[in-house]
Amino acid sequence: MARDVGSGLSTTPKDLSPWPKYFYDAEGSRLFEEITAQPEYYQTGAELSILKSRSEEILARTRCRELVELGSGSASKTRALIDAMIDANGADGPPPRYVPLDVSESALRESGERLVAEYPGLEIQGFVGDFDLSLGRLLGRPSDRNRLVAFLGGTVGNFTPQKRRKFLGALRAGLREGDRALIGLDLVKDARTLEAAYNDAAGVTARFNRNMIRVINNRLGAGLDPDLFSHRAVYDADLERIEMWLYSEAEQKVQTPDLEARFEGGEGVRTEISAKFTPESAARTFEQSGLELLDIYTDDRDLFALALGGPA
Ligand code: SAH
Ligand code: TRP
């Protein structure tokens, strides 16, 4: 982490967006859940409506009996897929299995415990891990069934373009014949709707953004003042992405054995990007990674999409 943060704070402009995982300590996971409940944040509701109306069809057509979920978080939307997997499972087949992976141990534990209690017939095997590092190993585990690898919440949009290609390439390489991938993508729309979603009136996204400074302090002893940072999220229509930034209102210095950095007053650091897609750019993204795009499901208002793919 010291190496990542050190390199992110030594470029011009400063850029921590290649490492979104540093948002998610227990407090970050909690704040993220709170973001999903904000009225401006349309994504969760839109994605859930697609999952509710299409899960049965998706499970009937893919006939998957193992659901692998990357960055599962609270797994609250996942129930639609789990329900459909259980319903589609004939009495004679092997029991359905759920395999979540998340870097946030607290989120994984809480969601796992809830699902164990709720679904007595479901096998659950959760992993705490970083999908940048362990996707190959996760998908390389032996399995006697077809797998559906779900990556919800538009998290694939939080990768830099380079990391996105690498990640989807690794996902493609890990899919076996009969496996499928289901990837949530936020769609291009007007800047006002997009910017409102990342600048909610209650200031929850601002707190989430500043939490990265707290994580850096807690883990690296950086001693930055989170309250000196102000949050801003802007939509770049050319690059079709939201950028989240933190601006330091005063000069600040970090000097530890592992990390040295300095913010000028007014200087910003990009903390996250969130790419938006069109059906065309989604198709291109899949194709570049060797994934065959089988279908794109959208909600009634065309806010969000779920792309279903298989090994090409
Ligand atoms: N899928 C959930 C959560 C999305 S938020 C939803 O749709 O609501 C992104 C999730 O990915 C968080 O739970 C976070 O802890 C996890 N995450 C972020 N970076 C990660 C990484 N490198 N490896 C594994 N999980 C990661
Ligand atoms: N991937 C989703 C998005 O980009 C969720 C998310 C990740 C998010 N980090 C965020 C939402 C920060 C708001 C703020 O929208």
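1. Let's start with ligand 2. In this predicted model, 15 residues surround ligand 2, and those that come nearest are Y41, N158, Y198, E272 and S274. Try finding these five in the viewer before you read on.

2. Now look at the polar atoms around ligand 2. Which atom of ligand 2 does the side chain of Y41 approach? A polar side-chain atom of Y41 is 2.8 Å from an oxygen atom of the ligand. N158 also uses a polar side-chain atom, which lies 2.7 Å from a nitrogen atom of ligand 2. G154 takes part through its backbone: one of its backbone N or O atoms is 3.3 Å from a nitrogen atom of the ligand. As for how covered the ligand is, on its own ligand 2 has 350 Å² of accessible area, and the protein covers 99% of it.

3. Where does ligand 2 sit? Its place is in the largest pocket. Helix 2 (26-36), helix 9 (204-220) and strand 12 (268-275) each contribute at least two residues to the surrounding shell. By class, that shell holds seven nonpolar residues, seven polar ones and one charged one.

4. It helps to colour the chain by domain here. Domain 1 (2-39 + 191-275) and domain 2 (43-189 + 277-311) each provide at least three residues of the shell around ligand 2.

5. Next comes ligand 1. Of the 16 residues around ligand 1, the nearest are G71, K77, D102, D130 and F131. Two of these also appear among its polar pairs. A polar side-chain atom of K77 lies 2.7 Å from an oxygen atom of ligand 1, and a side-chain N or O atom of D130 is 2.9 Å from a nitrogen atom of the ligand. From the backbone of G153, an N or O atom lies 3.4 Å from an oxygen atom of ligand 1. Taken alone, ligand 1 exposes 570 Å², of which the protein buries 95%.

6. What kinds of residue make up the shell around ligand 1? There are five nonpolar, seven polar and four charged residues. The space that ligand 1 takes is the largest pocket, and ligand 2 sits in the largest pocket too.

7. One last point concerns the domains around ligand 1. Why does ligand 1 lie between domain 1 (2-39 + 191-275) and domain 2 (43-189 + 277-311)? Ligand 1 lies between them because both domains give residues to its shell.

Notes: Residues numbered from 1 in each chain as written. Chains lettered and ligands numbered in written order. Predicted model: local features only at pLDDT ≥ 70, side-chain atom pairs only at ≥ 80, totals over all residues. Heavy atoms only, no water. Near = heavy atom within 4 Å. Polar contact = N/O pair within 3.5 Å; in protein donor to acceptor, adjacent residues only side chain to side chain. Areas by Shrake-Rupley, 256 points an atom, 1.4 Å probe, with all protein chains shown as cover. 1 Å grid on protein atoms, 1.4 Å probe; cavity = no way out; pocket = protein on both sides within 12 Å on 5 of 7 lines; lining within 4 Å. Sits in = over half its atoms within 2 Å of the grid points. Helix = DSSP H or I, 4+ residues; strand = E, 2+ residues; numbered from the N terminus. Nonpolar A, V, L, I, M, F, W, Y, C, P; charged D, E, K, R; others polar. Domains from an automatic or database assignment.
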